[in-house]
Amino acid sequence: MGSNSFRLEIGQMREGRYRRHQYLKETVRLGAGLDADGMLTEEAALRGLACLKRFRDSLASLTSAQVRAVATQTLREARNRNAFLERAQAALGVPIEVISGREEARLIYAGVSHLQPSDAKRLVIDIGGRSTEMILGQGRQPTQAESFQVGSVSLSMRYFPDGRYTAPAFRAAQIAAGAELEEALSDYTPGRWQEALGSSGTAGAVSEVLAASGKTDGRITPAGLRWLITECIAAGSVEHIALPGLKPERRAVLAGGVAILYTLATHFRIAELLPAKGALRQGVIIDLHDRLVARHLARGHDLRDDSVQRLQRRFAVDREQARRVRELALRWHGQVEPGADAERQHELRWAAELHEVGLMVSHHDHHRHSAYLVAHVDAAGFSQSQQRRVADLVLGQRGGLRKIDEALTRDDVAWQLLCLRLAVIQCHARGPVDSDAIDIERRGQVAFLRWPREWADQHPRALHLLREEAEAWSRSGVLALELP
């Protein structure tokens with residue numbers, strides 16, 4: 001769900017090769033629907049919802065595990081995104097994840113590197129409606145990925161608002177793009193890459209125009225871009241632009257996209273930019289395939305597990321304590337939610353493994369520091385949406401429950417959180433624990449704990465904490481915790 005277009009692709013990975021089965025694209029211009037206050041307008045929302053309803057029919061033969069829907073910069077910015085996402089998920093029929101700029105860049109590179117493999121050092125550029133991603137990489141491995149808040153829709157709206165093309169407007173647009181991209185100059189110098197590729201709509205559209213006009217064979221060059229800018233200025237407006245190969249849906253955002261491309265070419269000394277075969281949508285499918293392989297075939301790995309381990313090392317987490325909490329939380333979760341889907345189990349596991357990252361900041365209120373870090377740190381493989389769900393669990397690991405009232409409206413989250421909180425209590429002494437000492441039985445919305453009498457006699461402090469926990473849940477009105 002991009003800022004300019006919504007795209008649906010159904011593809012298959014087999015023996016490392018990608019095959020497309022179906023591709024749909026609609027120009028929605030969601031990014032043009034952000035008002036001055038950062039709110040998505042109802043008109044833009046309705047365009048997006050209508051598109052998603054049409055897409056839904058193509059997903060009817062797939063299970064929810066086979067589908068992944070991601071949203072990019074416009075919904076990263078929109079202040080009312082949660083209200084729109086609720087309606088959008090109902091229209092599409094599957095959850096929608098908002099991904100960070102760096103995660104978007106990583107997925108773009110995954111798509112390009114799989115569909116256009118090479119061992120050369122590469123610079124991959126993707127100009128979207130409201131953001132531009134730049135990625136350095138070699139082979140299948142991205143080495144640096146950044147996202148910048150400038151895109152073809154946002155720049156066109158700001159500097160060509162009435163559809164008029166003038167030389168001063170192009171200069172102003174290039175200066176604005178350069179100001180946003182300037183911080184990348186030292187990291188993306190030509191010495192760090194051997195070839196440059198342009199992914200997705202803007203690069204593809206400009207490549208087609210240059211080829212159809214006989215200016216290049218499809219390569220995007222500074223000379224070709226100067227010619228294109230001159231043609232736009234000569235035409236004077238969007239209505240009068242007549243370029244071979246230019247598709248109607250690209251006309252309104254052409255000027256902003258060309259201004260960014262020319263700025264990139266001159267600032268980063270890109271002699272030629274080649275159109276890439278892959279893009280974000282293929283990267284999403286490839287990433288989903290890797291998750292399914294890791295989950296169902298017991299081979300490969302989930303990149304999110306690697307990210308969690310890196311965060312544990314980065315924030316010096318007591319990994320033995322995290323392991324104890326994780327094992328107990330997952331054991332009890334299996335007892336109260338035996339039918340929970342794999343993603344919810346994974347989220348509980350990651351919350352347990354990261355619940356103490358905030359100790360690196362301060363012991364006081366470390367759960368709040370932990371939650372902030374989990375929600376905002378760059379973690380490859382995670383969407384912003386999923387990081388916030390894990391952060392909610394981490395925030396609720398201790399103390400009152402009122403601070404996560406909104407999350408607790410979901411029944412599955414309440415049971416996840418109960419299991420995490422009980423595991424933290426059981427492991428409060430930070431030493432070996434008897435994992436079989438306490439059992440949980442669920443009856444409706446009540447959790448009944450059971451333990452041997454001698455265990456209670458030997459652990460008076462744990463018993464005290466469990467009584468406080470039962471009182472906390474009784475005040476929440478969500479679940480009840482009954483002790484022997």
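How many Å should the 17 residues of helix α10 span at 1.5 Å a residue, and how far apart are its end C-alpha atoms? In this predicted model, the expected span of helix α10, which runs over residues 280-296, is 24 Å, and its end C-alpha atoms are 24 Å apart, so the two values agree.

**Helices and their buried residues**

Within α10, the buried residues are L280, R281, Q282, G283, V284, I285, I286, D287, L288, R291 and V293. The cover over these buried residues includes the strands β1 (5-14), β2 (17-27) and β3 (69-71), together with the helices α4 (101-115), α11 (303-314) and α13. Two of the buried residues of α10, D287 and R291, also belong to a network of salt bridges in which they are linked with R68, E97, E103 and R106.

Helix α7, formed by residues 200-212, has 13 residues and reaches 18 Å from its first C-alpha to its last, which is close to the 18 Å expected at 1.5 Å a residue. Buried in α7 are G201, T202, A203, A205, V206, S207, V209 and L210, and just after this helix G214 takes a positive phi of about 75 degrees.

Helix α9 (residues 254-267) contains T263, which is buried with a relative accessible area of 2%. Leaving aside residues up to four places away in sequence, T263 touches Q174, A177, G178, L181 and F268.

**A strand hairpin**

Strands β6 (residues 132-138) and β7 (residues 141-148) pair in the antiparallel sense over seven bridges, with I135 standing opposite A145 in β7. The two strands form a hairpin with two residues between them, and G139 in the turn has a positive phi of about 65 degrees.

**Aromatic contacts**

There are five aromatic pairs in the structure. One of them joins F160 and Y165 edge-to-face, at 5.9 Å centre to centre and with 80 degrees between the planes; F160 is buried at a relative accessible area of 6%, and Y165 is likewise counted as buried at 4%. Another edge-to-face pair is made by W350 and F382, at 4.9 Å centre to centre and 75 degrees between the planes. Because W350 lies in helix α13 (residues 342-354) and F382 in the loop between α14 (366-376) and α15 (384-395), this pair ties together parts that are 32 residues apart in sequence. W350 is buried at 0% relative accessibility, and F382 is buried at 5%.

F160 and Y165 also form one aromatic cluster with F170. A ring contact with a charge is found at F448, where the charged end of R443 sits over the ring, 4.1 Å from its centre.

**Salt bridges**

The structure holds 39 salt bridges, including the following.

| Pair | N to O distance |
|---|---|
| E26 and R54 | 2.7 Å |
| R323 and E327 | 2.9 Å |
| D365 and R368 | 3.9 Å |

E26 lies in strand β2 and R54 in helix α1 (residues 42-56), so their salt bridge ties together parts that are 28 residues apart in sequence; R54 is partly exposed, at 46% relative accessibility. R323 and E327, by contrast, are four residues apart in helix α12 (residues 319-336), and therefore are separated by about one helical turn. R323 is partly exposed with a relative accessible area of 28%, and E327 is also partly exposed, at 42%. In the third pair of the table, D365 is partly exposed with a relative accessible area of 30%, and R368 counts as partly exposed at 42%.

Definitions and conventions. Residues are numbered from 1 along each chain as its sequence is written. This is a predicted model: local features need pLDDT of at least 70, side-chain atom pairs count only at pLDDT 80 or more; totals for chains, interfaces and linings use all residues. Side-chain values use heavy atoms; hydrogens and water are left out. Rings of Phe, Tyr and Trp (its six-membered ring) pair if their centres lie within 6.5 Å; planes under 30 degrees apart count as stacked, over 60 as edge-to-face and the rest as tilted. Buried means under 20% relative accessible area, exposed over 50%, partly exposed in between (1.4 Å probe, protein chains only). A charge sits over a ring if NZ of Lys or CZ of Arg is within 6 Å of the ring centre and within 35 degrees of the ring normal. The expected span of a helix is 1.5 Å times one less than its number of residues. Contact means heavy atoms within 4.5 Å. Two strands pair if DSSP finds at least two bridges between them. A salt bridge is a side-chain nitrogen of Lys or Arg within 4 Å of a carboxyl oxygen of Asp or Glu.
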